[in-house]
Amino acid sequence: MSTQQTGRLYGVGLGPGDPSLMTVRAVQVIAEADVVAYHSARHGRSIARSIAAEHIREDHIEERLMYPLTVETTDHPGGYRGALDDFYEEASARLAAHLDAGRTVAVLAEGDPLFYGSYQHMHKRLAHRYPTEVIPGVTSVSAAAARLGEPLCEAEEILTIIPGTLPEEELTARLASTDSAVVMKLGRTFPTVRRALERAGRLDEARYVERATMAGERTAELADVDPESVPYFSVAVLPSRIDAVAEVREQGDVVVVGTGPAGPLWLTPETRGALAAADDLVGYTTYLDRVPVRPGQLRHGSDNKVEAERAEFALDLARRGRRVAVVSGGDPGVFAMATAVLEAASQDRYKDVPVRVLPGLTAANAAAARAGAPLGHDYATLSLSDRLKPWEVIAERLRAAASADLVLALYNPGSRSRTWQVGKARDLLLEHRSGATPVVLGRDVGGDAESVRIVTLADLDPSEVDMRTILIVGSSQTRLVRRGDGRQIVWTPRRYPEN
Ligand code: SAH
């Protein structure tokens, strides 16, 4: 190391294209720099250089960092990745040589340097070795929103920034579950992004901005854009949906969703999106409380007992043009609102109201996963509630399932007013199954009061079971194993011994 002082490294954000959107600080830093460096495509123009052109002087040393061919095929033994790594090493060595000689180096970056910018490859290699400062810039996200002239995200809205290069499935899930979005890096990815917007049900809202604040700028409804005409310097935008002028609809619709057993991790992206898009939420208050509050959205909470009324209420709202989400816990089709809504919708007066059911994660799956894999082979799902069917039917089904050696997932095992069912069910099952059969008691799985315990069928104590509990009763094959850390798990093999 020489005793000479090294130069400073700057990553200089230049904003989205219009030179007048450079910051005062960016202009200052360029003026004081000895070396102005910028990336460019092979023999291509550098967009960054062209934004800063009027600030680059004769006496600036210019370093053009030219990317290797941006095609997938290359002679490099490490493939295109390897060629790129070599390029970044070589480029950063060139900048390091200037810095070692005491020269100040300004690396120009379109937009913001730390936002999908090439500057970052230099930064990672040099910032720990030289005094370094990053000058933030206006990103294409802000520029695109400004050119559209519409709010981008407000209040509790979530803005998701998505590279269009992701696989279609991932794009679809992200677009379905966010409020606002900006999809970057269009160009060749445009047809995929468009399909993802369509699958996420958001194509109508999507706007398109090309070359924001640059020459040749264009904005459009994304659905109207010819895919052949889309350059890399363009973005798709889903603007804020707060205060989006409510469409006057003749007909609304009903979507029946489930929040999952508890907690935010088990809400699917599709359901998250449907909840956000609804004008009205209808459901049992406990489940509605799991859904984030949105301005402008109406909630119609009720207790757990009036399913038919609730279903008709939802359908009536939809007939008046509202988009209604009926909210259950778990999966809406498992002992929940989906059947009630479809039953009501089967009446002639609702036959033209569109109704969709979205799948959700059911309690049995959550409890089983916590305990191991007790549902790994054939199993039966039963509700122990005799509120909507006679106990004799339940008893008959328990006997049938038990004699068929099915694992059992027992929903609604008991409540404050239904206390004897679990004991009766246990005694009935003991006629067919060993007292040592493992039973999983999953209570509030995924919630704050979660507890998952494994007992034997003989020891199953009804007083430990309440409305928030699901029981999983093993078959003759279900194994109970103690792991090295002392934890017990259960699993049911997928093959029978004689196989
Ligand atoms: N649609 C729901 C089930 C509604 S019936 C689903 O798919 O999960 C209500 C019963 O579900 C409860 O009595 C309990 O047996 C079970 N349940 C729901 N959420 C649960 C959770 N987080 N933990 C344990 N059991 C749960």
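# Reading a ligand pocket, a core and a few loops

Mentor: Let's start at the ligand: one of its nitrogen atoms sits 3.4 Å from a polar backbone atom of Arg-468. Keep in mind that we're looking at a predicted model.

Trainee: Okay. Which other backbone atoms lie within a few Å of a ligand atom?

Mentor: Val-334 has a polar backbone atom 2.7 Å from a ligand nitrogen. Then there's Ala-363, with a backbone N or O atom 2.9 Å from a ligand oxygen. Taken together, the protein covers 92% of the 550 Å² of accessible area that the ligand has on its own.

Trainee: Which residues come nearest to the ligand?

Mentor: Out of 19 residues around the ligand, the nearest are Asp-331, Val-334, Thr-362, Met-467 and Thr-469. Sort the whole shell by type and you get 10 nonpolar, six polar and three charged residues.

Trainee: Next, nonpolar cores. What's the general idea?

Mentor: In soluble globular proteins, nonpolar side chains tend to be buried together. In this model, the largest nonpolar core has 23 residues, and the ones touching the most other members are Leu-398, Leu-408, Leu-410, Leu-460 and Leu-471. At least two core residues come from each of strand S17 (379-383), helix H13 (391-403), strand S18 (407-411), helix H14 (421-430), strand S19 (438-443) and S21. H13 gives the largest share, with six residues.

Trainee: What does Leu-410 touch, if I skip its neighbours in sequence?

Mentor: Leaving out residues within four places, Leu-410 is in contact with Leu-382, Leu-384, Leu-398, Ile-470, Leu-471 and Val-473. There's also another core, apart from that one, with 21 residues including Ile-162, Leu-186, Phe-190 and Ala-196.

Trainee: Now a loop residue: is Ser-475 buried or exposed?

Mentor: Check its relative accessible area against the cut-off: under 20% means buried. Ser-475 has 4%, so it is buried. You'll find Ser-475 in the loop between strand S21 (469-473) and strand S22 (479-482). A polar atom of the Ser-475 side chain lies 3.0 Å from the backbone nitrogen of Gln-477. Beyond its sequence neighbours within four places, Ser-475 contacts Asp-405, Leu-406, Val-407, Arg-433, Thr-437 and Thr-492.

Trainee: Where would I find a residue on the other side of the scale, like Glu-32?

Mentor: Look in helix H1 (residues 24-32). The exposed label needs over 50%, and Glu-32 is exposed because its relative accessible area is 55%.

Trainee: And Thr-189: which backbone atom does its side chain reach?

Mentor: The backbone oxygen of Leu-186, at 3.0 Å. Thr-189 is in the loop between strand S7 (180-184) and helix H7 (190-199), and at 13% relative accessibility Thr-189 counts as buried. Not counting residues up to four places away, Thr-189 touches Gly-164 and Thr-165.

Trainee: Last one: how should I read phi?

Mentor: Most residues other than glycine have a negative phi. That makes a positive one worth a look. Thr-213 has phi near 65°, although it isn't a glycine; Phe-335, not a glycine either, has a positive phi of about 45°.

Trainee: Where are those two, Thr-213 and Phe-335?

Mentor: Thr-213 lies in the loop between strand S8 (207-210) and strand S9 (218-221), and is buried at 17%. Phe-335 is in the loop between strand S14 (323-328) and helix H11 (337-345), and at 43% relative accessibility counts as partly exposed.

Methods. Residues numbered from 1 in each chain as written. Predicted model: local features only at pLDDT ≥ 70, side-chain atom pairs only at ≥ 80, totals over all residues. Heavy atoms only, no water. Helix = DSSP H or I, 4+ residues; strand = E, 2+ residues; numbered from the N terminus. Buried < 20%, exposed > 50% of the residue type's maximum accessible area, 1.4 Å probe, protein only. Polar contact = N/O pair within 3.5 Å; in protein donor to acceptor, adjacent residues only side chain to side chain. Contact = heavy atoms within 4.5 Å. Core = buried A, V, L, I, M, F, W, Y, C linked by side-chain atoms within 4.5 Å. Near = heavy atom within 4 Å. Areas by Shrake-Rupley, 256 points an atom, 1.4 Å probe, with all protein chains shown as cover. Nonpolar A, V, L, I, M, F, W, Y, C, P; charged D, E, K, R; others polar.
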